[in-house]
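Biologist: Could you take me through this model and tell me what stands behind each label you use?

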Amino acid sequence: MDDASVRATPTGDDVDGARVGAARIAARMLRGALAMTTRARAGPGMSSTRARARAVIARRARGGTTLGRTASASATRRGRGTIARASGGEKKEKNAYGETVRLPKTSFEMRANSVVKEPKMQEWWRERGVYETLRDRDGEAFVLHDGPPYANGDLHIGHALNKILKDFVNRWEMMNGKKVRFVPGWDCHGLPIELKVLQSMDAEARKNLTPIKLRYKAKAFAEKTVKAQREQFKRYGVWADWEDPYMTLLPEYEAAQMEVFGSMFLNGHIYRGKKPVHWSPSSMTALAEAELEYPEGHFSQSIYVAFPVSEVPDSTPSALRDLLKDASLAIWTTTPWTMPANAAVAVNAKLDYSVCRVESTGKTLVVAEGLREAVAAKLESELTTLGTFKGQDFENVQYSHPFYERKSPVIIGGEYITTETGTGLVHTAPGHGQDDYISGMKYGLPLYSPVDNAGLFTAEAGGDLEGKDVLGDGNVLCIEKLETAGALLKREKYGHKYPYDWRTKKPTIFRATEQWFASVEGFREDALKELDKLQFIPESGSKRMRPMVSGRADWCISRQRAWGVPIPAFYHKDTNEVLMDEAIIKHVTEIVRAKGTNAWWELEVEDLLPEEHKAKAGEYVRGTDTMDVWFDSGSSWAGVVKTRGMSFPADVYLEGSDQHRGWFQSSLLTGVGAMGQAPYKTILTHGFVLDEKGYKMSKSLGNVIDPRTVIEGGKNQKQEPGYGADTLRLWVASTDYSGDVSIGMNIIKQTSEAYRKLRGTIRFAMGVLDDFNPAQQVPYDDLPVFDKYVLHRLNATVKEIESSYKAFDYSRVVSAVTSFTTFLSNVYLDVSKDKLYIGAQDDFKRRACQTVVSALVERIIAAIAPLTPHMAEEAFQALPYDKPNGAISVFIAGWPSTPAAWSELDAKDVEFWDSFLEIRDGVNKVLEEARTAKLLGASLESKVTMHCSDAKFLAKLTGEGIAEELRYLFIVSEVQLADSSDVAIAGCDFKSVVDVPGAGTVSIGVARAAGSKCARCWNFSPLVGSDAKHSQLCERCVPIVNATHPDLVVPEPAAA
């Protein structure tokens, strides 16, 4: 903030003087238009009939008067060559008139030095309490509720994308006067942290680890990780309540979570039951759907099995009864290990089923008619249809189990039975499948599940299977037993999606266990109604999330882990009967609020029970189940937003698109289940981060991008320089985050270059304001019309930026800033250099230009502030006059308003200047051709003659206020408007005739300018040499120098 003033001064190396120094400084400070996007468009503010202007600006970005060239190219354009040594290594002679030129001066450095300066800026904000001022001020509150990352390791680039996007949202709302409080959070319970703790211990230590000891170790690990992650988040430039975050392990949070559980329990939405759930043998706990992943490349052993019909009821049609003698039911499954749990075969009542003879064996099988040919191909035998019947005709037919002395029925299943794969008859094991369970409940089927917590068969499965792994040798043995029994028809490998534990990366199973469930069925319709009230960004999020909720089974909320929030239930020692009521939940909640959840393991049962139940303490034991971590994070609306007195429901939840089935959904279910409403108004999602080739990031592929490396640099700073947080943030802002986004060091380098160019544009604009005071600004009505046109375009750009921020479309913000700064660099700032450098200090046109530059630089700084806050704040502090509204920070200054007059420029004037800029492109093209042919060394050596066939347009060009400015707008020494096309191009070796909408046919001719070159402004004039004192100056520069430097005497140049 206290950088020394950097003055752009002549170096003395140039034979032609400080005018060359000005060109060099300008070229260095404005080296190119911002190029964040591959297209450079004209941007808003053009007349409605000027759709072509996008292409026009794109051409300007490629050529014409762009300031985005190298210094030498820019100087050649103007005829003010780069400052260089003369051939032979000799320095060029200093131009004595250099001191009379007003050069840019600013403390805003070109070199960002972000690695050093950004932490200082963050400390500057902290010392002055800028965030706290904005958080605690009066005004409308805005709440973006933070979804908690897991506290189990370092941050990755996905974390950076997420938190930076949230910071964009919050800073924009702050700049618009909202009271914004952002409370960052961490998910601190659950298996991943348990695993980290266990991995740090040897086998002997793990044997002696009690639940309470594990909990203390897990808490310490989580808190250590939170501390490390917090510092990394802060380095991104994210503003938040970093000293008072929420953690799901905090007692007040755990108590609020228990209150949510209690409300759902009292509302009748929590129950305990035995039903199949996703079970991880590797973690030995139940899992939620959101804790599963489905990796590519999984293969199962699929089998076709024949279950022999043992009994046909009298209700069966007689024709079918006769055919089922000695017949078998053909089923197909990809889980042979579930054979011991088979309790039925399900059919679809509406499908056709055929009784077929297997020609190769003579056996009789029942298969769905729609799959008969597919099954025949699998069995490599023709299946001859003996009769076809509806599925409903097979109901209650009995068959024998191939392993046990057990008969089971054919039942009518649901619409899940199709003719897409298999046989059309479904092996039904209610203890191992959701659809099976539902169908089994209708028929009162037994809930066989002879599998223990480790995924091993129990004695119930039989002595030969007991102790074997259901996903390993137990699965193989089941197939062998079927083959021995003569029931195996076919076995083959089958590739398909299969659920894996997202933490251990190992396969899971469906297994019936006693668990606690949230009955989604009881409030599903209310949840769907709440979904319909929400805003989804992108809108496709609604289509993604709604089916997930409408098809949601009951939510298993219990886990068999020690590190979590306990379910406050007690169990009778003899009957296992549950004891839990409102009084118990409230009592335990208050204990947790005071002492944390460790009290559940540390206190006696008598202390955990309220007075009315203490007498029963000896009969009960405390439960050991903890709540699903998704219930933890899903209760954050209660533990944070409501507990901390923030505006509820939250305005925005912003997370990755995978959270439609994760945090978004668990928050919706707890919100509706506990209090009947969604805890948010808007759901905003982003995609995942891929490498530059579109691949997922993986350590094995070596394509992981660490945010710290981007910001601070790697071990080899030459190969991996530090780019700073603003460059990382600019990358985030440039992406279409609604889908997956790519990052790599090449992309970061390109983003850094765009950042540098944007910084250069701002620096130049600020440099020319060095002697400007807002009190000197020219009233809008008095501004030259071209300056009004620029403000018109600025106004339209500001409106586009505003609408983009409101739509959370940050890439469109970047595009709008890019487009406008390209226009400034290529056109407005370029044509304004003459009046800014050469004109008298208080010249009206110079002050008018500074008035406009002041307006645009303040708005550009504001526009980029939410995206690149360090650069914006640095620029704001470097403004050479009193800060707008006396604010100490760009964020406290807020979003600048735009005067209504800026949008009221006459449409005809807008049309005129749109057309004029297209003509300017045509002039630049001809000038470039003349330079290439060596007719000219620079544009100021030229004279342009021009004719427009549109009489009204030509009349406006010749009017007062424009005609005398044409040579400066074209950056040439003379412009002559001709009466006809022939006159315009007569005697010109370089010429062009083009059609320009609004101007008609435009004829352009280029010739060498008459006269000699002025040593100060470099324009050519016949009057150079007419002043005795300053014989090297033109008629414009002489009075300026006499007024500002009356004692300056410059000797005549030595003869060549």
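Modeller: Between the centres of domain 1 and domain 4, taken over C-alpha atoms, there are 63 Å. This is a predicted model, in which local features need pLDDT of at least 70, side-chain atom pairs count only at pLDDT 80 or more, and totals for chains, interfaces and linings use all residues. Residues are numbered from 1 along each chain as its sequence is written, and side-chain values use heavy atoms, with hydrogens and water left out.

Biologist: How do you know where the domains begin and end?

Modeller: The bounds come from an automatic or database domain assignment. Domain 1 is 129–268 + 522–551 + 630–686, domain 2 is 299–496, domain 3 is 752–905 and domain 4 is 918–1010. A UniProt record, from an unreviewed entry, places "domain: Aminoacyl-tRNA synthetase class Ia" at residues 120–743; such annotations may be inferred rather than shown by experiment. Over residues 120–743 the chain is 34% helix and 22% strand.

Biologist: Why are β4 and β23 called edge strands?

Modeller: Strands are DSSP runs of E with at least two residues, and helices are runs of H or I with at least four, numbered from the N terminus. Two strands pair if DSSP finds at least two bridges between them. The open sheet has 4 strands in the order β4-β30-β31-β23, with parallel pairing. β4 (144–145) and β23 (535–537) each pair on one side only, and they are the edge strands.

Biologist: What makes β30 and β31 a pair?

Modeller: β30 (residues 650–656) and β31 (residues 680–686) run parallel and are joined by 6 bridges, set against a requirement of at least two. Val652 stands opposite Thr682 in β31.

Biologist: Which helix lies across β4, β30 and β31 at about 145° to β30?

Modeller: That is α22 (residues 663–675). The angle, on a scale from 0 to 180 degrees, is between N-to-C directions of axes fitted to C-alpha atoms, for helices over the stretch in contact.

Biologist: Why is Gln665 in helix α22 called buried?

Modeller: Buried means under 20% relative accessible area, exposed means over 50%, and partly exposed is in between (1.4 Å probe, protein chains only). Gln665 has 3% relative accessibility, so the residue counts as buried. Leaving aside neighbours within four places in sequence, the contacts of Gln665 (heavy atoms within 4.5 Å) include Met545, Met548 and Arg552.

Biologist: And what makes Ser903 partly exposed?

Modeller: Its relative accessibility is 44%, so Ser903 falls into the partly exposed class. Ser903 is found in the loop between α30 (890–893) and α31 (907–932). Beyond four places in sequence, Ser903 is in contact with His792 and Asn795. Ser903 and Leu791 are 112 residues apart in sequence, yet 8.2 Å apart in space, C-alpha to C-alpha. A polar atom of the Ser903 side chain also lies 2.8 Å from the backbone oxygen of Ala900.

Biologist: How do you know that β34 is largely enclosed?

Modeller: Of the 7 residues of β34 (residues 942–948), 6 are buried, so the rest of the structure largely encloses the strand. β34 is joined to β37 (residues 1000–1008) by 7 bridges, running antiparallel, with His947 opposite Ser1003. Another 4 bridges join β34 to β35 (residues 974–977), running parallel; there, Met946 has Leu977 as its bridge partner.

Definitions and conventions:
A polar contact is a pair of N or O atoms within 3.5 Å; within protein, one must be able to donate a hydrogen and the other to accept it, and residues adjacent in sequence count only if both atoms are side-chain atoms.
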